[in-house]
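Hi,

Here is the structure I said I'd pass on. Have a look at it first, and my notes follow below.

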Amino acid sequence: MTKRINEIKQAEKGALISIFAYIFLAFIKLAAGYYGKSQALSADGLNNFTDMIASIAVLIGLKVSRKPADNEHRYGHWKAENVASLLTSLIMFAVGVQVVMDGIRSIVDRQMEQPSQLAAYVGLFSASIMYGVYLINKKIAEKNNSQALHAVAKDNFSDMLTSIGTSIAVFAASFKLGWLDTLTAIIIGCIILKTAYEIFKESTFYLSDGFDKDLLTVYKNDILNMDGIMDVVSIRARSLGANVFLDVVVSMNPTLTVENSHQLVDQLETELKEKYDIFDIDVHVEPFYPSK
């Protein structure tokens, strides 16, 4: 428990880095997009604004998840991280729809303007910052086994690519191709919607106790290879935040003493926790009788 809480505290630092970076870049992009008449850069600024909200939600989720178990939350508060992700996806969806609708409205009303190349330089500057933030968060996430920060790092990398694409579009649009800037804004809106859907899908999957079937098969095969385990009657797992809770029913030789069975179960739990970083394992033992 102490180890996991310390890892979460380190992950919170990565979320804070993203928040400050997004606040800075969103302000610059929205200002430069307005004065430089670039819808693409303004859309990218709104994208960074939603990313800032997402990082804040992740930070809050990480802090809440550190709260100890109580009478109403026997398994702890680890799922606060998943709830924060779900709320983030809904916010991103609303912003993505707004960006796409504004772009389509500009094309229909023929209100496309020639963007300034200043917007392109701001986009490249933003891309360089986001690449640095991505490298920092990726390193922290890997060191502290944080799924939430891994997602933030992926979002950082996606934002870097989006900013590069925005810069290329603005450069091209400055050569009397104003429609290209508007088209890029619509594409960025679609990227926001795609990211929102992926976060929504993942968060609802874990909130509904979904789990990777292939990983369960890996667990089962490893358990069957352990000495003293005759069969795996059932196995199920769920994720609470980044923590895996595993429930297993195994069968052993019925002539074993309670003490010997307990020792085998302890060995099973220790090996699985060390190999797969499983947070909690509950093992039930049944006597094994071969089928006739």
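**Strands and a surface patch**

Strand E3 (residues 280–287) runs parallel to E2, and eight bridges join the two. One pair to look up is Asp247 with its bridge partner in E3, Asp282. To get from E2 to E3, the chain passes through helix H8 (residues 258–276), and this β-α-β crossover is right-handed. Bear in mind as you read that this is a predicted model.

Strand E1 (residues 231–240) also joins E2, through nine bridges, but this pair runs antiparallel. Here Ser234 stands opposite Val249 in E2. E1 and E2 form a hairpin with two residues between the strands, and Gly241 takes a positive phi near 65° there.

So how many residues of strand E2 are buried? Nine of the ten in residues 243–252 are, so E2 is largely enclosed by the rest of the structure.

Now for the surface. Tyr131, Leu135, Phe157, Leu161, Ile164 and Ile168 form a nonpolar patch there, and together they have about 530 Å² of accessible area. Helix H4 (118–144) and helix H5 (147–173) are the elements that give two or more residues to this patch. The largest share, four residues, comes from H5.

Leu161 is a good one to click on in H5. Its relative accessibility is 46%, and since buried means under 20% and exposed over 50%, Leu161 counts as partly exposed.

Cheers

Notes. Residues numbered from 1 in each chain as written. Predicted model: local features only at pLDDT ≥ 70, side-chain atom pairs only at ≥ 80, totals over all residues. Heavy atoms only, no water. Patch = residues over 30% accessible without salt bridge, like charges linked within 9 Å, V, L, I, M, F, W, Y side chains within 5 Å. Areas by Shrake-Rupley, 256 points an atom, 1.4 Å probe, with all protein chains shown as cover. Salt bridge = Lys/Arg side-chain N within 4 Å of Asp/Glu carboxyl O. Buried < 20%, exposed > 50% of the residue type's maximum accessible area, 1.4 Å probe, protein only. Pairing = 2+ DSSP bridges. Right-handed = clockwise from strand over helix to strand, strands pointing away.
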